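The following exercises ask you to read an interface and a surface feature from a model, and each is followed by a worked solution.

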Amino acid sequence: MKWDVSRVNEWTADEFPRGAVIPEGGNSHDYVTGGWRSERPVRDDEVCTQCLLCWIFCPDTSVVVRDEKVVGFDLDHCKGCGICANECPTNPKFGRKAIEMVPEGCELPGVK
Amino acid sequence: MLQQKTVASTGNSLVAEAMRQCAPDVMAAYPITPQTTIVEEYAKFVADGRVHTEYVTVESEHSAMSACVGASAAGARVMTATCSQGLAFMWEQLYIAAGLRLPIVMANANRALAAPINIHCDHSDVMGCRDSGWLILFAETAQEAYDNTIMATRIAEHPDVLLPVMTCLDGFITTHSIDRAQVMDDETVKGFVGEYRATNMLLDTDNPVSHGNFAGLGGTYFEFKKQHRQAMNGALKVVKEVGAEFAELSGRPFGVIEGWGMEDAETAIVCIGSTAGNARHVARELRAKGEKVGVLKVRCFRPFPAADIAAALKRLKAVAVLDRSESFGEGGPLFLEVRSALYDLETRVPLVNYIYGLGGADVRLELIERVFSDLSDIAAGNAAPGALQYLGTR
């Protein structure tokens with residue numbers, strides 16, 4: 001059963017779980033935790049060899065894999081740490097990595 | 001009546017023995033004088049197979065308490081011991097243990113804090129962390145150190161408390177002196193403390209939980225502090241109940257405060273720990289001369305038994321509060337609490353504060369006699385309660 005936090009803003013001291021325990025696991029799915037990312041990973045599907053190193057190394061399980069292939073990033077939870085881009089091997093055929101980090105917000109009008 | 005064994009033992013040996021009888025699942029500890037023999041003797045119990053505790057030898061006290069926090073959150077019964085610089089080094093983890101509501105039991109062998117460096121008794125280590133949200137019990141004797149350890153286990157793990165408890169004994173005076181004490185058999189202690197059944201345990205994978213969470217804006221942190229305060233307030237009743245049950249079992253009375261001659265005393269000394277013995281000795285001699293003097297020992301400092309203290313002191317003509325630690329404010333920590341407890345009384349009780357025995361300075365009987373003599377002058381109207389005094393300095 002899901003932990004009902006719909007009234008959390010009205011809870012009194014007695015209603016909070018003792019000692020600030022969260023009484024359920026894996027609930028970060030329910031929250032957007034990537035809001036403070038300053039850089040975002042971008043993957044070039046043509047360059048990517050599907051080695052899955054990014055998926056192995058991502059500390060926030062934010063590399064989305066379907067049918068054993070990387071299909072994108074979970075930007076609701078990616079913190080922009082850049083480990084995926086760092087670990088991504090250079091593809092000799094292209095002379096570059098499939099993943100690079102780009103600053104967030106630069107596609108907004110007037111921002112360079 | 002339960003059969004108990006009378007032993008000659010040090011306070012530290014008896015704390016180690018009590019811990020063995022309470023059988024914690026995990027002990028993570030680092031040795032420091034004068035606590036060392038507690039964890040040393042406990043390590044021997046583990047090595048000899050006399051207790052099935054996971055004994056974690058860590059590289060510092062900060063790591064010791066960190067390991068205790070982790071083990072307790074995992075669902076284990078956890079104990080440790082430290083003092084002085086070690087307690088100071090545990091600082092941030094003390095608040096975390098209390099804030100996470102983890103019922104860890106820790107012995108503290110009261111010792112002065114540097115500088116200048118000193119290894120002897122005073123209460124500045126424990127008094128420094130009196131605001132950390134731990135329960136704090138003090139022992140006068142090796143016997144009380146043994147008894148407090150067993151009671152602390154029950155108190156900490158009580159569903160209405162679930163807070164860590166520090167059981168304090170005076171460095172060297174109580175930790176290392178050989179004292180006579182009565183020890184219960186293992187089965188009796190086991191029955192008294194019961195089996196610990198943790199709630200919200202990390203190792204219960206069928207019911208996953210997370211500990212150490214963020215409580216940020218919007219006042220949630222504040223609500224958790226209120227929850228903690230309510231638990232601390234409620235803990236006083238539990239300390240008294242567990243104490244009464246233990247007293248029934250052991251035949252040794254327990255009070256959050258323990259008075260001697262307080263029924264008809266006109267003046268009294270309020271103190272903590274081993275000094276109470278000296279104070280009672282002098283009080284007995286003065287009683288023999290017809291002086292109505294008393295001694296009030298505070299055995300439970302957190303939660304602070306303010307109402308009990310006010311009731312015990314309200315009729316007195318003069319009271320001295322003896323602090324074995326400095327706060328460099330308007331008085332020692334015990335004085336500030338006692339004075340606050342008396343503020344709402346109809347009649348003002350003249351109160352004086354003495355700082356004594358810092359860094360193991362001897363609490364000689366003539367010093368206690370001088371305090372009673374000062375009190376007698378105040379009670380007779382021949383002197384006014386003065387400012388804080390250092391007792392026994394040159």
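**Exercise 1.** How many residues does the contact take from chain B, and how many from chain A? Describe the extent of the contact and the residues that weigh most in it.

*Solution.* The model is a predicted one, and the counts come to 17 residues from chain B and 14 residues from chain A. Turning to area, about 1400 Å² is buried between chain B and chain A, with carbon and sulfur atoms giving 56% of it. On the side of chain B, the residues that lose the most area to chain A are E223(B), F224(B) and Q227(B), which together account for 32% of what that side buries.

**Exercise 2.** Which helix gives the most to the side of chain B that touches chain A, and what polar links cross the interface of chain B and chain A?

*Solution.* Helix α9 of chain B, residues 220-250, gives the most to that side, with six residues. By class, the side of chain B that touches chain A divides into five nonpolar, nine polar and three charged residues. Between chain B and chain A the count of salt bridges is zero, whereas eight residue pairs, both members at pLDDT 80 or more, are in polar contact across the interface.

**Exercise 3.** Which residues make the nonpolar surface patch of about 390 Å², and which helix supplies the largest share of that patch?

*Solution.* The patch is made by W55(A), I56(A), F57(A) and I83(A). Its largest share, three residues, comes from helix α1 of chain A, which spans residues 53-57, and W55(A) has its place in this helix.

Key:
Residues numbered from 1 in each chain as written. Chains lettered and ligands numbered in written order. Predicted model: local features only at pLDDT ≥ 70, side-chain atom pairs only at ≥ 80, totals over all residues. Heavy atoms only, no water. Contact = heavy atoms within 4.5 Å. Buried area = accessible area lost by both parts, 1.4 Å probe. Salt bridge = Lys/Arg side-chain N within 4 Å of Asp/Glu carboxyl O. Polar contact = N/O pair within 3.5 Å; in protein donor to acceptor, adjacent residues only side chain to side chain. Helix = DSSP H or I, 4+ residues; strand = E, 2+ residues; numbered from the N terminus. Nonpolar A, V, L, I, M, F, W, Y, C, P; charged D, E, K, R; others polar. Patch = residues over 30% accessible without salt bridge, like charges linked within 9 Å, V, L, I, M, F, W, Y side chains within 5 Å. Areas by Shrake-Rupley, 256 points an atom, 1.4 Å probe, with all protein chains shown as cover.
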